[in-house]
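Below is a short set of notes to read alongside the model. Please keep the structure open and find each residue as it comes up.

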Amino acid sequence: MNHSKLLLLTITFGLLGGCGGYPRLLNFPFDTGGRSLNSPALEVYPQISSQFIVFVSDRNGSQDIYLYDAQERRLLDLPTLNSFDEVAANPSITEDGRYIAFTLSRQGRSDIYIYDRTTIVKRNLTTNLQAQVRNPVISADGSKVAFEIAANGQWDIAVYNRSGQPINLP
């Protein structure tokens, strides 16, 4: 083997060895209360934004929203957000982690809600909307929420501001 082939093989194996770390499985430790990102229960609909991971889990017997701080490596409390008579789905979080938009179903009706972590208030954005809604996505700054709406026999996209007013897009 000549010198150039040996050099080419060395460079190739060196580059391939550098890719061995991707993707990697992260291990999230349990906090002092025994809570972590994962549990033996169902965890679905994960969404990540900067340091936060928002998701839905049935770890407490109902389908609730959870928020994990990946920087501090612990679950954050979300007071007044979850209730036993409601089913939460499809959470979406702003870049700073202040607002969470999600679908909430109760007694056969689904609505789009927004939760403010600072004021600890959960507000229905689609109270007066007579249509099926699902899959909300909140903008990075929390000013707009886009979601799917079935009002005329087909699924369309609607965009509302954080106050629950529709935004007319050209």
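1. Read along the sequence, this predicted model runs α-β-β-β-β-β-β-β-β-β-β-β. Put as a count, the protein has 1 helix and 11 strands.

2. Some totals for the protein come next. It has 170 residues, and 35% of them count as buried. The accessible surface is about 10500 Å², with 55% of that area belonging to carbon and sulfur atoms. Among contacts with a separation of 6 or more, 31% are between residues 24 or more positions apart.

3. Which residues of the largest nonpolar core touch the most other members? They are Ile 65, Leu 67, Leu 78, Ile 100 and Phe 102, out of 15 residues in that core. Five strands each supply at least two residues of this core: β2 (52-57), β3 (64-69), β5 (87-93), β6 (99-106) and β7 (109-116). A general point helps here: in soluble globular proteins, nonpolar side chains tend to be buried together.

4. Leu 67 is worth following by itself. Leaving aside residues up to four places away in sequence, Leu 67 touches Phe 52, Ile 53 and Val 54, then Arg 74, Leu 75, Leu 76 and Leu 78, and also Ile 93, Ile 100 and Arg 117. There is also a second, separate core, made of 14 residues, and Tyr 99, Leu 125, Val 133 and Phe 147 are among them.

5. Now the spaces in the model. How many cavities of 30 Å³ or more are there? The count is 1. The largest cavity holds about 40 Å³ of space. Its lining consists of Gln 63, Asp 64, Ile 65, Leu 81, Asn 82, Ser 83, Glu 86, Ala 88, Phe 102 and Leu 104. By class, this lining divides into 5 nonpolar, 3 polar and 2 charged residues. β3 and β6 each supply at least two residues of the lining of the largest cavity. Two of the lining residues, Ile 65 and Phe 102, are also among the residues of the largest nonpolar core that touch the most other members.

6. The largest pocket has a volume of about 240 Å³. It is lined by 18 residues, and those nearest its centre are Arg 35, Arg 59, Asn 60, Tyr 66 and Leu 75. The elements that give two or more residues to this lining are β3 and β4. Of these, β3 gives the most to the lining of the largest pocket, with 3 residues. The lining of the largest pocket has 8 nonpolar, 6 polar and 4 charged residues. Leu 75, one of the residues nearest the centre of the pocket, is also touched by Leu 67.

7. Two residues deserve a check of their backbone angles. Ser 50 has a positive phi of about 45° although it is not a glycine. Ser 50 lies in the loop between β1 (43-49) and β2. Is Ser 50 buried, partly exposed or exposed? Its relative accessible area is 45%, so Ser 50 counts as partly exposed. Thr 80, also not a glycine, has a positive phi near 70°. Thr 80 is found in the loop between β4 (74-76) and β5. At 53% relative accessibility, Thr 80 is exposed, because the cut-off for exposed is over 50%.

8. The loop between β10 (144-150) and β11 (155-161) contains Asn 152, and Gly 153 has its place there too. Asn 152 is exposed, with a relative accessible area of 67%, and Gly 153 is exposed at 82%. Measuring C-alpha to C-alpha, Asn 152 is 8.5 Å from Ala 131, while the two are 21 residues apart in sequence. For Gly 153 and Ala 131 the distance is 9.6 Å, with their positions 22 residues apart in sequence numbering.

9. Last comes the segment after β11, where Leu 169 is found. Is Leu 169 buried or exposed? Leu 169 is exposed, with a relative accessible area of 57%. From C-alpha to C-alpha, Leu 169 and Val 159 are 8.1 Å apart in space, and they are 10 residues apart in sequence.

Technical notes: Residues are numbered from 1 along each chain as its sequence is written. This is a predicted model: local features need pLDDT of at least 70, side-chain atom pairs count only at pLDDT 80 or more; totals for chains, interfaces and linings use all residues. Side-chain values use heavy atoms; hydrogens and water are left out. A nonpolar core is a set of buried Ala, Val, Leu, Ile, Met, Phe, Trp, Tyr and Cys residues joined through side-chain atoms within 4.5 Å. Buried means under 20% relative accessible area, exposed over 50%, partly exposed in between (1.4 Å probe, protein chains only). Helices (H or I, at least four residues) and strands (E, at least two) are DSSP runs, numbered from the N terminus. Contact means heavy atoms within 4.5 Å. Accessible areas come from the Shrake-Rupley method with a 1.4 Å probe; for residues, only the protein chains shown count as cover. On a 1 Å grid over the protein atoms alone, a cavity is a set of points where a 1.4 Å probe fits but cannot get out, and a pocket is an open set with protein on both sides within 12 Å along at least five of seven lines; lining residues have an atom within 4 Å of a point. Grid points are joined across faces, edges and corners, and a volume is the space filled by probe spheres set on the points. Ala, Val, Leu, Ile, Met, Phe, Trp, Tyr, Cys and Pro count as nonpolar, Asp, Glu, Lys and Arg as charged, and the others, Gly among them, as polar.
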